[in-house]
Amino acid sequence: MSATRPVITLPGTPPAQVLALINQARAAARLPPLAITAGLNACASGHNRTMAAGCGLSHQCPGEPDLGARATAAGVTWSACGENVGQGGPVASTPAAIAQMAVILTQGMIDEKPPYDGHRQNILSRSFTRVGIAVYRDPSGTVWLTQDFAN
């Protein structure tokens, strides 16, 4: 599958709920919706697992390429990219509990106020047209969220 081709997500999945919230915020700001792409999803998913494996909450873990290199390695062609990461929990292992935490984390990003609003700026960037969203619950119940953006 092409890295820029939209991937169909199920309405109830945690990433689909996060995407709906992001696109609702973008619509309120009169911005077009972001499209999910496979390459950015793969990039975000790999980063989630790296953070959960011991790195902790970070945009670049030791020994890990930076976001641009990770996106390129996942087959994404881009000239601008950005990333939001978050973690929360512990939560139960149910899809509903995982989705609720991912939505709470994303809503917190949307609600940021200047000058500490980098996550909100990524979500509302006119430069970005595509996104990859990964939500991962580790065995201890922590939910890891990565949103990778590109144009």
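Where is Pro90 found? In this predicted model, Pro90 sits in the loop between β2 (81-88) and α4. Here are some notes to read alongside the structure.

1. **The bond before Pro90.** Gly89 and Pro90 are joined by a cis peptide bond, and omega there is about 10°. As general background, most peptide bonds are trans. If you are clicking through the backbone, look for this bond in the stretch that links β2 to α4.

2. **Another cis bond, at Pro115.** The peptide bond running from Pro114 to Pro115 is also cis, with omega near 5°. Pro115 belongs to the loop between α4 and α5.

3. **Helix α1 itself.** This helix covers residues 14-28, 15 residues in total. From its first C-alpha to its last it reaches 21 Å, close to the 21 Å expected at 1.5 Å a residue.

4. **What α1 buries.** Nine names are worth highlighting in your viewer: Pro14, Ala16, Val18, Leu19, Leu21, Ile22, Asn23, Ala25 and Arg26 of α1 are buried. Asn23 and Arg26 are included in that buried set. The partners against which the buried residues of α1 pack are β1 (35-36), α4 (95-110), α5 (118-123), β3 (130-137) and β4 (143-150).

5. **How α1 meets α4.** In general, a pair of packed helices is described by the angle between their axes and the distance between the axes. For α1 and α4 the angle is about 25°, and the axes lie 8 Å apart. Angles under 35 degrees count as roughly parallel, so α1 and α4 are roughly parallel to each other. Their crossing is right-handed.

6. **Who makes that contact.** From α1 come Pro14, Gln17, Val18, Leu21, Ile22 and Ala25. From α4 come Pro95, Ile98, Ala99, Ala102, Val103, Thr106, Gln107 and Ile110. Sorted by class, the contact has eleven nonpolar residues, three polar ones and no charged ones. Pro14, Val18, Leu21, Ile22 and Ala25 appear both here and among the buried residues of α1.

7. **Arg30, just past the helix.** What is notable about the phi of Arg30? Arg30 has a positive phi of about 60° although it is not a glycine. Most residues other than glycine have a negative phi. Arg30 comes just after α1, in the loop between α1 and β1.

8. **Is Arg30 buried or exposed?** The cut-off for exposed is over 50% relative accessible area; Arg30 has 77% relative accessibility and therefore counts as exposed. Arg26, back within α1, is buried.

How values were computed
Residues are numbered from 1 along each chain as its sequence is written. This is a predicted model: local features need pLDDT of at least 70, side-chain atom pairs count only at pLDDT 80 or more; totals for chains, interfaces and linings use all residues. Side-chain values use heavy atoms; hydrogens and water are left out. Helices (H or I, at least four residues) and strands (E, at least two) are DSSP runs, numbered from the N terminus. The expected span of a helix is 1.5 Å times one less than its number of residues. Buried means under 20% relative accessible area, exposed over 50%, partly exposed in between (1.4 Å probe, protein chains only). Contact means heavy atoms within 4.5 Å. Axes are lines fitted to C-alpha atoms, for helices over the stretch in contact, and angles run from 0 to 180 degrees between N-to-C directions. Angles under 35 degrees count as roughly parallel, over 145 as roughly antiparallel, 65 to 115 as roughly perpendicular and the rest as oblique. A crossing is left-handed if the near helix is turned anticlockwise from the far one by less than a right angle, and right-handed if clockwise. Ala, Val, Leu, Ile, Met, Phe, Trp, Tyr, Cys and Pro count as nonpolar, Asp, Glu, Lys and Arg as charged, and the others, Gly among them, as polar.
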